[in-house]
Amino acid sequence: MNAAIGYTAIAAVALASALIGFYGLRFSRTTSDFYVASRTVRPWWNASAIGGEYLSAASFLGIAGLILLTGSSALWFPIGYTAGYLMLLLFVAAPLRRSGAYTIPDFTEARLESPWARRVTSLLVIVIGWFYIVPQLQGAALTVRITTGLPSWAGSLAVAVIVSVIVAAGGMRSITFVQAFQFWLKLTALAVPAVALLLVIGGGSTAELSPADAFPPAAGPGDLEVYRTVSLMVALLLGTLGLPHVLVRFYTNPDGGAARRTTVIVLVLLSVFYLFPTAFGFIGRAFAPDLAATGEADALILLLPDRLIPGVAGDLLTALVIAGAFAAFLSTSSGLVVSLAGVISQDLLGGSVRGFRIAAIASSFVPLVVALATESTGLAGSVGLVFAFTASTLCPMLILGIWWRGLTARGAIAGMATGAVLSGAAILGGAAISAALPGIRPFLEQPAAWTVPLAVLVTVVVSRADRRGTPRGTDAFLTRLHVPEARVRRGG
Amino acid sequence: MTADDVSVTDAATDAVTDAAPARVRVTAPRPGTGTAAASARPVPGRGLAAPAPTSDVAGVYVRSLIRSQLRLAIVMAVGFAAATALFVLAIALVPALDSTFVFGVPLSWLLLGVGVYPLAITVGGLYLRAATRNEARYRSLTEQE
């Protein structure tokens, strides 16, 4: 592949993101602007920004790679990534916006009136954010290595530096514009090459494998592993509720009703987006099956245009895909860094603008160290594990906190600790344990189906047993979460 | 307080077993249950005023709003999960879909690849309307006060 294409595309995206970021700098003056963009963002802008933030390396590169590698079981990933927003709409969107809190730890503290519950939540948010940034940096490493021939660490380092500079300089107001721009860039960057590839194939390219060999029934939807699929769906559907960078976006809606409308628009945007990685995955199975064998499946989207479309057209499409991939790493990482910096600066650095900047730099460099020290084991899979961890920890606390007035601080802390220990042990120690006991392997590789119910159970049981009872402000707080805004002061 | 507690969880279990349109349980206000006292307290947090209910009747309206919204959300979530499961089961049970190729891709793969999204959007749209209606009903109740 021509390295100049890679350099040009990456530089262009970085420059465009930075320019839009600094353009927004003029607007961010106060702390409130920094954190939630003054809550003046319109639903379409907001939905695009949520999409831009959410569609990560796993969505852009990972899904097509996994379809190539494992077949139709990979189709559940985009379904789960999208339907997670349905769960968010049903259980969280409007009440969370009405809570008036800036971050998840703020929500926890306001609901449970406990600094300890807040600290545990903050810790989880930071851990989740760091481990979610790692696959983004590994995706950047892969992209830079494949497209420019530079060593892997260069890609990770570049993304970490760009993101911390943009976030520290611009805050979130600018990031809303950047993210919205990134969504449409990512969509274009997959849609145009996908359509071009389909036209070329329709014009008579010969596939490397016949349809029957490329799509064997053994890898098809009929051969469903029920436990793994159900557990993956639990992780993806419920994990979305607790993703820190997604939740912080909801505070930029003007009110609860707008938060709901925004979420429905997000559902539509994601549904359209995921058609294209799916198309790439299908084309890859027939036209580039060799990539699965060489362990470069995640690079499928980057390599396919050049393989099937010769000449300048192929080069241009490749540049577009590289730009889109880079936009994916930048946008997800910067969204995560914004929310992490918000949590770290409020809890440790007194909530000042300067603290936010220091925290922004810190929160991009810890995952950089992890990304440089570890090998990528498939982008979609590693992001899936972060979802399982989130679903087992923050999700039960959020849903019970919004809908069950019996939740207490002790119950929430016990539940979050249970979920964190169980799912963390399954994710980190799974390989070692399942070597000794091969029978429980699926349960450790996809733990959400049993860790989430256990976390909920512990939360409920401990809350019930908590002699101190529910916090005094619970009724007032629940009222505030669920009562519609416009005529709120006349309510009663 | 404990009585309210139980009724909220009851609503949750009701909603799973009973998918009928939400019937709102309204109970008479009980003096001395502490709702008014509790809700008169300012909400802790970051300096934001709380729209606290000022009477027990208001508290009852709020609780019935929360219950109907929760029931709606659970019915929608269960409905989505059931419809998805049926859809996938249908694909798995028709082997002919594996050998019917459209543009070189088996129909079964195409259906799983694109079929669930319209379902999610539909459920989302239905929920949006119903949740807004629940809030409108709450508003008309509180405005009659």
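Me: Looking at Ser152(A), what is it in contact with, leaving aside its neighbours within four places in sequence?
Reply: Ser152(A) is in contact with Ala141(A) and Arg145(A), once the neighbours within four places in sequence are set aside. Keep in mind that this is a predicted model.

Me: Where does Ser152(A) sit, then?
Reply: Ser152(A) is in helix 9 of chain A, which covers residues 152-202.

Me: Buried or exposed?
Reply: Ser152(A) counts as buried because 20 other C-beta atoms lie within 10 Å, and 20 is the cut-off for that label.

Me: And how far apart are Ser152(A) and Phe389(A) in space?
Reply: They are 27 Å apart, C-alpha to C-alpha, with their positions 237 residues apart in sequence.

Me: OK, new topic. Which residues touch the most other members of the largest nonpolar core?
Reply: Those are Leu86(A), Met87(A), Leu300(A), Ile322(A), Ala323(A) and Phe326(A), in a core of 206 residues.

Me: Which helix gives the largest share of this core?
Reply: Helix 16 of chain A, residues 311-348, with 19 residues.

Me: Take Ile322(A). What does it touch, not counting residues up to four places away?
Reply: Ile322(A) touches Ile5(A), Gly6(A), Ala9(A), Ile10(A), Thr143(A), Thr147(A) and Leu302(A).

Me: Where is Ala341(A)?
Reply: Ala341(A) is found in helix 16 of chain A. Ala341(A) is buried, since 29 other C-beta atoms are within 10 Å.

Me: What is Ala341(A) in contact with, apart from neighbours within four places in sequence?
Reply: Val167(A), Phe356(A), Ala359(A), Ala360(A) and Ser363(A). As for Val195(A), its C-alpha is 39 Å from that of Ala341(A), and the two are 146 residues apart in sequence.

Me: Let's switch to helix packing. At what angle do helix 18 and helix 21 of chain A pack?
Reply: The angle is about 30°, and the axes are 9 Å apart. Helix 18 covers residues 379-403 and helix 21 residues 448-465.

Me: Is that crossing left-handed or right-handed?
Reply: The crossing of helix 18 and helix 21 of chain A is right-handed.

Me: Which residues meet there?
Reply: From helix 18 of chain A come Ala388(A), Ala391(A), Ser392(A), Thr393(A), Pro396(A), Met397(A) and Leu400(A). They meet Ala448(A), Thr451(A), Val452(A), Ala455(A), Val456(A) and Thr459(A) in helix 21 of chain A.

Me: How many of those are nonpolar, polar or charged?
Reply: Nine are nonpolar, four are polar and none are charged.

Me: Now the backbone. What's up with the phi of Glu113(A)?
Reply: Glu113(A) has a positive phi of about 55°, although it is not a glycine. Glu113(A) lies in the loop between helix 7 (104-112) and helix 8 (115-148) of chain A. With 20 other C-beta atoms within 10 Å, Glu113(A) is buried.

Me: And what about Phe103(B)?
Reply: Phe103(B) is not a glycine either, and has a positive phi of about 50°. Phe103(B) is in the loop between strand 1 and strand 2 of chain B. Phe103(B) is exposed, because just 11 other C-beta atoms are within 10 Å.

Me: What does the secondary structure of chain B come to?
Reply: Six helices and two strands. From the N terminus on, they run α-α-α-α-β-β-α-α. Of the 145 residues in chain B, 38% count as buried.

Me: Which residues are buried in helix 5 of chain B?
Reply: Ser108(B), Trp109(B), Leu110(B), Leu112(B) and Gly113(B), in a helix that covers residues 107-114. These buried residues pack against helix 13 (256-287) of chain A, along with helix 3 (56-93), helix 4 (96-99), strand 1 (101-102) and strand 2 (105-106) of chain B.

Me: What is the mean pLDDT of chain B?
Reply: The mean is 72, and 61% of the residues of chain B reach 70 or more. Among the elements of chain B, helix 2 (residues 35-40) has the lowest mean, 37, and helix 6 (residues 116-143) the highest, 92. Over residues 26-50 of chain B the pLDDT is below 50. Where pLDDT is low, the predicted coordinates should not be read in detail.

Me: And what does chain A average?
Reply: Chain A averages 84, with 92% of its residues scoring at least 70.

Methods. Residues are numbered from 1 along each chain as its sequence is written. Chains are lettered from A and ligands numbered from 1 in the order in which they are written. This is a predicted model: local features need pLDDT of at least 70, side-chain atom pairs count only at pLDDT 80 or more; totals for chains, interfaces and linings use all residues. Axes are lines fitted to C-alpha atoms, for helices over the stretch in contact, and angles run from 0 to 180 degrees between N-to-C directions. Helices (H or I, at least four residues) and strands (E, at least two) are DSSP runs, numbered from the N terminus. A crossing is left-handed if the near helix is turned anticlockwise from the far one by less than a right angle, and right-handed if clockwise. Two residues are in contact if their C-beta atoms, placed from the backbone, lie within 7 Å. Ala, Val, Leu, Ile, Met, Phe, Trp, Tyr, Cys and Pro count as nonpolar, Asp, Glu, Lys and Arg as charged, and the others, Gly among them, as polar. A residue is buried if 20 or more other C-beta atoms lie within 10 Å of its own, exposed if 12 or fewer, and partly exposed in between; C-beta atoms are placed from the backbone. pLDDT is the predictor's confidence in each residue, from 0 to 100. A nonpolar core is a set of buried Ala, Val, Leu, Ile, Met, Phe, Trp, Tyr and Cys residues joined through C-beta atoms within 7 Å.
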